[in-house]
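Below is a set of questions and answers for a reader who is new to this structure. The sequence and the model come first.

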Amino acid sequence: WCVGTLYQSKSAVRLKEDMKKIAAFPLNKQKNTTCPKVFGVSLLELQQQGLSKNGIPIVVWNIVEYLTQHGMTQEGLFRVNGSMKIVEQLRLQYERGEEVELVKDGDVYSAASLLKLFLRELPDGIITSALHPRFIRLYQDARNDMQKENNLKELLKELPDAHYCLLKYLCQFLIKVAEHHVENRMNLCNLATVFGPNCFQ
């Protein structure tokens with residue numbers, strides 16, 4: 001009986017100690033197992049999980065805001081790759097649901113690489129695979145530019161809302177990047193070369 005009581009009291013003490021450790025464990029570490037994925041999931045899924053802001057994935061929003069403030073005149077923006085180690089660390093922070101401070105935890109080239117990585121890992125790309133053939137046919141169309149532009153606008157409207165919203169946001173940002181092409185050496189043609197494969201996969 002004494003041995004049983006002693007064993008039970010030791011177990012109770014151990015349980016209390018374990019509970020104290022859990023309580024002292026940082027909240028963001030506890031969230032690891034329950035956090036929804038950020039990379040490699042559909043735009044619709046990100047919206048449903050509350051990981052979008054005004055239709056834009058929060059990770060994209062954060063990166064674009066950071067680059068707008070700190071990277072617009074950086075030479076080779078999006079062409080020069082960031083540190084793979086830093087990119088992976090930033091990715092893991094987002095995946096764990098931690099608050100990411102790109103000013104403190106990253107740098108311009110790594111943030112730019114992280115944005116390209118996010119776009120590459122979208123399951124169906126910004127331009128959905130179902131529309132690829134029609135975009136290619138439109139590009140090869142011999143009709144005048146005005147007609148092609150109208151057809152392109154109509155085709156873009158067929159994208160799912162989340163995809164259209166992100167594409168529009170991204171294009172608006174890249175136009176701003178191109179406005180600084182004298183400093184960053186990234187005109188629209190250079191940006192299209194970089195982002196074409198990331199958008200079309």
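**Questions on the predicted model**

This is a predicted model. Of the 201 residues in the chain, 36% count as buried.

Q: How many helices and strands does the chain have?
A: From the N terminus on, the elements run α-α-α-β-β-α-α-α-α-α-α-α-α-α. The secondary structure comes to twelve helices and two strands.

Q: Among contacts between residues at least 6 apart in sequence, what share joins residues at least 24 apart?
A: The count leaves out pairs less than 6 apart in sequence. Among the contacts that remain, the share joining residues at least 24 apart is 71%.

Q: Which helix gives the largest share of the largest nonpolar core?
A: This core has 52 residues, and Val60, Leu67, Phe78, Phe118, Leu119 and Phe195 touch the most other members. Several helices each supply at least two residues, including helix 4 (58–70), helix 7 and helix 10 (161–178). The largest share is nine residues, and it comes from helix 10.

Q: Which residues does phenylalanine 118 touch, not counting residues up to four places away in sequence?
A: Phe118 is one of the core residues that touch the most other members. It is also one of the residues of helix 7 in contact with helix 4. Beyond four places in sequence, phenylalanine 118 touches Val38, Phe39, Leu43, Leu46, Pro57, Val59 and Val60.

Q: How many nonpolar, polar and charged residues are in the contact of helix 4 with helix 7?
A: The two helices pack at an angle of about 150 degrees, with axes 10 Å apart, and their crossing is left-handed. Helix 4 contributes Val59, Val60, Ile63, Tyr66, Leu67 and His70, while helix 7 contributes Val108, Ala111, Ala112, Leu114, Leu115 and Phe118. By class, this contact has eleven nonpolar, one polar and no charged residues.

Q: Which term describes how helix 5 and helix 7 lie to each other?
A: Helix 5 (residues 84–95) and helix 7 (residues 108–120) pack at about 60 degrees, with axes 9 Å apart. Angles of 65 to 115 degrees would count as roughly perpendicular, and those under 35 as roughly parallel. The two helices are therefore oblique.

Q: Which residues of helix 5 and helix 7 make the contact?
A: Helix 5 passes helix 7 in a right-handed crossing. The residues are Ile86, Val87, Leu90, Arg91 and Tyr94 of helix 5, and Ser110, Ser113, Leu114 and Leu117 of helix 7.

Q: Is asparagine 54 buried or exposed?
A: Asparagine 54 sits in the loop between strand 1 (52–53) and strand 2 (56–57). It has a positive phi of about 55 degrees although it is not a glycine. Its relative accessible area is 65%, and the cut-off is over 50%, so asparagine 54 is exposed.

Q: What is the phi of arginine 185?
A: Arginine 185 lies in the loop between helix 11 and helix 12 and is partly exposed, with a relative accessible area of 47%. Most residues other than glycine have a negative phi. In arginine 185 the value is positive, near 65 degrees.

Q: How far apart in space are histidine 180 and threonine 73, C-alpha to C-alpha?
A: Histidine 180 is in the loop between helix 10 and helix 11 (181–184), and at 27% relative accessibility it counts as partly exposed. Not counting residues up to four places away, it touches Met72, Thr73 and Arg185. Histidine 180 and threonine 73 are 107 residues apart in sequence, while in space their C-alpha distance is 6.1 Å.

Key:
Residues numbered from 1 in each chain as written. Predicted model: local features only at pLDDT ≥ 70, side-chain atom pairs only at ≥ 80, totals over all residues. Heavy atoms only, no water. Axes fitted to C-alpha atoms, helices over the stretch in contact; angles between N-to-C directions. Helix = DSSP H or I, 4+ residues; strand = E, 2+ residues; numbered from the N terminus. Parallel < 35°, antiparallel > 145°, perpendicular 65-115°, else oblique. Left-handed = near helix turned anticlockwise from the far one by under 90°. Contact = heavy atoms within 4.5 Å. Core = buried A, V, L, I, M, F, W, Y, C linked by side-chain atoms within 4.5 Å. Buried < 20%, exposed > 50% of the residue type's maximum accessible area, 1.4 Å probe, protein only. Nonpolar A, V, L, I, M, F, W, Y, C, P; charged D, E, K, R; others polar.
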